[in-house]
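Visitor: Could you take me through this model and explain the words you use for it as we go?
Guide: Gladly; here it is.

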Amino acid sequence: MNVVTTTQVIDPATERVVTTVELADEAATDAAIDRAHRAQVAWRAVAPGDRARLLRRFAEAVDADLEHLARLEVTNSGHTIGNARWEAGNVRDLLHYAAGIPERLLGQQIPVADGVDITFHEPLGVVGVIVPWNFPMPIAGWGFAPALAAGNTVVLKPAELTPLTAIRLGELALEAGLPEGVFQVLPGKGSVVGQRFVTNPKVRKVVFTGSTEVGTQIMAGCARQVKRVTLELGGKSANVVFADADLEAAAASAPDGVFDNAGQDCCARSRILVQRSVFDRFLELLEPAVRKVRVGDPAEASTDMGPLISAAHRQRVADFLEPTTDIAFTGTCPEGPGFWYPPTVVLPAAGTERVLTEEVFGPVVAVIAFEDEAEAIRLANDTEFGLSGSIWTSDVGRALRVSRAVEAGNLSVNSHASVRYWTPFGGFKRSGLGRELGPDAALAFTETKNVFIATT
Ligand code: TAP
């Protein structure tokens, strides 16, 4: 007898059941991988201009459905409507950008004496993309758009908590004319569908975004087949504020740098390091900025911050605050129903407090003092992670010195911007392996082949 497993999708702002989604089992996963494997033979042979046209049509389909996708994300993930529109727009823009790839995937001609030597960027085959619940649309697109452009087929597994926009993107791909099997969305459990991406030899690459713990297991599993991996993992990024910075601007924007998406952001600047000479002044400026963050109905255009994703995750966030943790001040949030948590600023006493060393993935930020540039760099690097960070200073030389010294993949000066689809993104240390986005994104979905043709 075939037992079909399902999951209930919950609106985190109301705790209401939105819908029920069927979860794939191992056999369904293998069947999807087989379909993708067969489809790839034809997809890689599609003329570059035609592949580009199909990706553009996919982008136009996303654009036509943008408001619907955004509303779906608000309901499924509790993202504010402003963020959700940006996220759907990011997928559209990524697809347009990816449409430029098939005709520009250039090899080289390398001088040799006795013939011609040329290189080709061959597609890998089937790519499995595993997506977390915090940014279901963009993170899916970062994997599937360049992979498809380079001639691969994709099977995408959304997080169990947030499958709805991914399912819709799968429908839009078919409506746009992508051939059957080229892009499939397969809701299911990580331990079932995600694991099968790792163990099924027909999947040639796994793109995983999620926790460092699961990422480590995926890398170990893929190693057995020398399977390619891209890993985008956790973060504990620093927002470094020097005394020579525009303090008003640094304090006014700090909540944005950490509380965006309720802090459920791998790039969240969850440690604010402030030069001791301006520490008290910075806190005075930060307090009203934090109290101003409007937490509430994510469908309202004026809302800055929505709920956390689940009751379990809210408990996990709350557990980071120990009885001894010094809470400087908090913002406010609704009582419930909904998985609400207020923006919270803490002043850790010791460098060993979990809130300072581990990824909270919620709206909690730790503020600590440093003496000079050398100590700022030491503290910024005093973490196993290395994903992003900000540096606030009016001294260009210092901005460059500190940027070069901080071990992180994405730094911004006098800004908290981390993600642009046309610039590379990824982590140092335990924040990940490989880069997504940017001009080289498609190369991560190819093998370089060298061909020598003798002419003598
Ligand atoms: P995880 O629990 O690691 O889950 C991420 C994805 O992996 C989900 O789709 C999950 O499926 C799946 N998965 C779980 N166990 C698996 C296994 N054994 N084999 C294969 N797949 C498996 O992370 P999360 O809690 O969803 O997301 C939060 C984490 O993601 C944070 O640490 C955050 O920093 C990180 N993150 C990083 C980035 C970048 S770009 N570096 C971006 C966003 C988030 P289920 O949903 O079924 O569990």
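**Sheets and helices, word by word**

Guide: One open sheet has 6 strands in the order 7-6-5-8-9-17, and its pairing is mixed. Strands (E, at least two residues) and helices (H or I, at least four) are DSSP runs, numbered from the N terminus, and two strands pair if DSSP finds at least two bridges between them. This is a predicted model, in which local features need pLDDT of at least 70 and side-chain atom pairs count only at pLDDT 80 or more, while totals for chains, interfaces and linings use all residues. Residues are numbered from 1 along each chain as its sequence is written, and side-chain values use heavy atoms, with hydrogens and water left out.

Visitor: What makes strand 7 and strand 17 stand at the edges?
Guide: Strand 7 (183–185) and strand 17 (432–433) each have a single partner strand, so one side of each is left without a neighbour in the sheet.

Visitor: How do you know that strand 9 is joined to strand 17?
Guide: Strand 9 (residues 228–232) and strand 17 run antiparallel and are joined by 2 bridges, and pairing asks for at least two, so the two strands count as paired. Within this pairing, Leu 231 stands opposite Leu 433 of strand 17.

Visitor: Which strands make up the open sheet of 7 strands?
Guide: The order there is 12-13-14-11-10-15-16, again with mixed pairing. Strand 12 (327–330) and strand 16 (410–413) are at its edges, each with a single partner strand. Strand 15 (residues 388–392) pairs with strand 16 in the parallel sense over 4 bridges, and Ser 388 has Asn 410 as its bridge partner in strand 16.

Visitor: Why is helix 2 called roughly antiparallel to helix 4?
Guide: Helix 2 (residues 48–64) and helix 4 (residues 81–99) pack at an angle of about 165 degrees, with their axes 8 Å apart. Axes are lines fitted to C-alpha atoms, for helices over the stretch in contact (heavy atoms within 4.5 Å), and angles run from 0 to 180 degrees between N-to-C directions. Angles under 35 degrees count as roughly parallel, over 145 as roughly antiparallel, 65 to 115 as roughly perpendicular and the rest as oblique, so helix 2 is roughly antiparallel to helix 4.

Visitor: Which residues make the contact?
Guide: Among them are Leu 55, Phe 58 and Val 62 of helix 2, and Ala 88, Leu 95 and His 96 of helix 4.
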